[in-house]
Amino acid sequence: MLPGGLFYIIKLKLQIMNLIINNKILQILAISISLTFSYHTYVRSKPLNLQITGKIEEYIAYHNYQGELKDKLEPYSVFSDFKLNGRLQFDKKVQVNIWSEIRAKNSYRRRKISPYLGENYLDIKNSKGLIHIGKSSGFNYDFTLEPPTQLIEDDEIIGILSPSETSIDLMDILSFRGFTGDSINIGYATNEINGFRVGVNFFPGKFSNSNSFLTFPKIYKNGYEVTLNWKNNIRGNVYSITSGVFKSDTIQPNSTNFAWNFSAKFKVRNFVFGGANIYKKNKNRSTTQFSSIALKYNFGAFGLGGSLFGGKIKSKQISTVKEKVIQKKIEISYKITKGLKTGISTFRTKQIISKKKYVNKGVTLVFINRF
């Protein structure tokens, strides 16, 4: 029953995803052809350098959840993430990147697929820096050094499989994406100067971090973020540090949000060590702090990794309400070719809410193809 069900889901998913992906590819190709035509018509210079890159990620997951939301969750899920990048180079002076992403979750019980559009944005880069326009998570999400992973990030698939019992959304919690999600924004990032880079984003109007996976959507407005990143290569070892601040308003009066995060990652030979910390403050409601550390090691085509993730939230309105989360993860990966990797990720997430425990254990089979 189980293998047949999973095969049915994958088959149905591929049929629907193919239609969506083909449509998005046609859109990107149409934009590329239009830009090429305009360039040769009005500029009449050297030929364009056009490159198409992207990724396809597949996650087949099983998890055993013990908590009040158990009846609303399915133990088996299949997730897909498809992202395409079209890059145009104009005379080595101006580079245009067009990004488009599609995500989907498959339902085992209901035989249903739920696709939605992820990041879709345009980057224009020249000697002065990078201008960013479109629907995305902003530079803080791009710059933040998530604790090193072999296969999946702590705030992605595991966050989807472990929904919040009350107010902690485990998805995208270490960066400001926990506030913004994929939202319309305008940004500017400097080019790298002595290893330093600064990114600024403005999220106008109303935006939300909710999507088809999150159980407790929250709506904000007028968000600002500033992020600083430093990176250096010393004798083949890579060292990098990122820090940023975020502020936004909520729809309710006198309830502004403030957040600050810090992350670091160090690569020494075959070892990569890193961690991240974020502090969030809602003016009249709560404070939240999360931290995560991880270590991974690669030997030949194989890789091992493990991480520890934890945090807590305190209510300003009800002193007795406190929440804690502790999560452990172990991953084993194998690189089949340069762009193709597979492996298994296991995790255990425990939430403690007013002394009540909610536990989720899971294993995920992962396929990652980057081209």
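Which strands each supply at least two residues of the nonpolar patch? In this predicted model, the answer is β9 (237-250) and β10 (257-268). The patch itself covers about 530 Å² of the surface and is made by Val-200, Val-226, Ile-241, Val-245, Phe-258, Trp-260 and Phe-262. Of the contributing elements, β10 gives the most, with 3 residues. Val-245, one of the patch members, is found in strand β9. This valine counts as partly exposed because its relative accessibility is 36%, a value between the 20% and 50% cut-offs.

It helps to set the patch against the chain as a whole. The secondary structure comes to 4 helices and 16 strands. The chain has 371 residues, of which 47% count as buried. Its exposed area is about 19,100 Å², and carbon and sulfur atoms supply 61% of that area. Among contacts between residues at least 6 apart in sequence, 58% join residues at least 24 apart.

A charged residue offers a view of another strand. Glu-119 lies in β4, which spans residues 112-126. Is Glu-119 buried or exposed? Glu-119 counts as buried, because its relative accessibility is 5%, and the cut-off for burial is under 20%. The side chain of Glu-119 reaches the backbone nitrogen of Ser-137 at 3.3 Å. Ser-137 also appears among the contacts of Glu-119 when neighbours within four places in sequence are left aside. The other residues in contact with Glu-119 on that basis are Lys-83, Trp-99, Ser-100, Glu-101, Lys-135, Ser-136, Tyr-141 and Asp-182.

Notes. Residues are numbered from 1 along each chain as its sequence is written. This is a predicted model: local features need pLDDT of at least 70, side-chain atom pairs count only at pLDDT 80 or more; totals for chains, interfaces and linings use all residues. Side-chain values use heavy atoms; hydrogens and water are left out. Buried means under 20% relative accessible area, exposed over 50%, partly exposed in between (1.4 Å probe, protein chains only). Contact means heavy atoms within 4.5 Å. Accessible areas come from the Shrake-Rupley method with a 1.4 Å probe; for residues, only the protein chains shown count as cover. Patches are made of residues with over 30% relative accessible area and no salt bridge: like charges are joined within 9 Å, nonpolar side chains (Val, Leu, Ile, Met, Phe, Trp, Tyr) within 5 Å. A salt bridge is a side-chain nitrogen of Lys or Arg within 4 Å of a carboxyl oxygen of Asp or Glu. A polar contact is a pair of N or O atoms within 3.5 Å; within protein, one must be able to donate a hydrogen and the other to accept it, and residues adjacent in sequence count only if both atoms are side-chain atoms.
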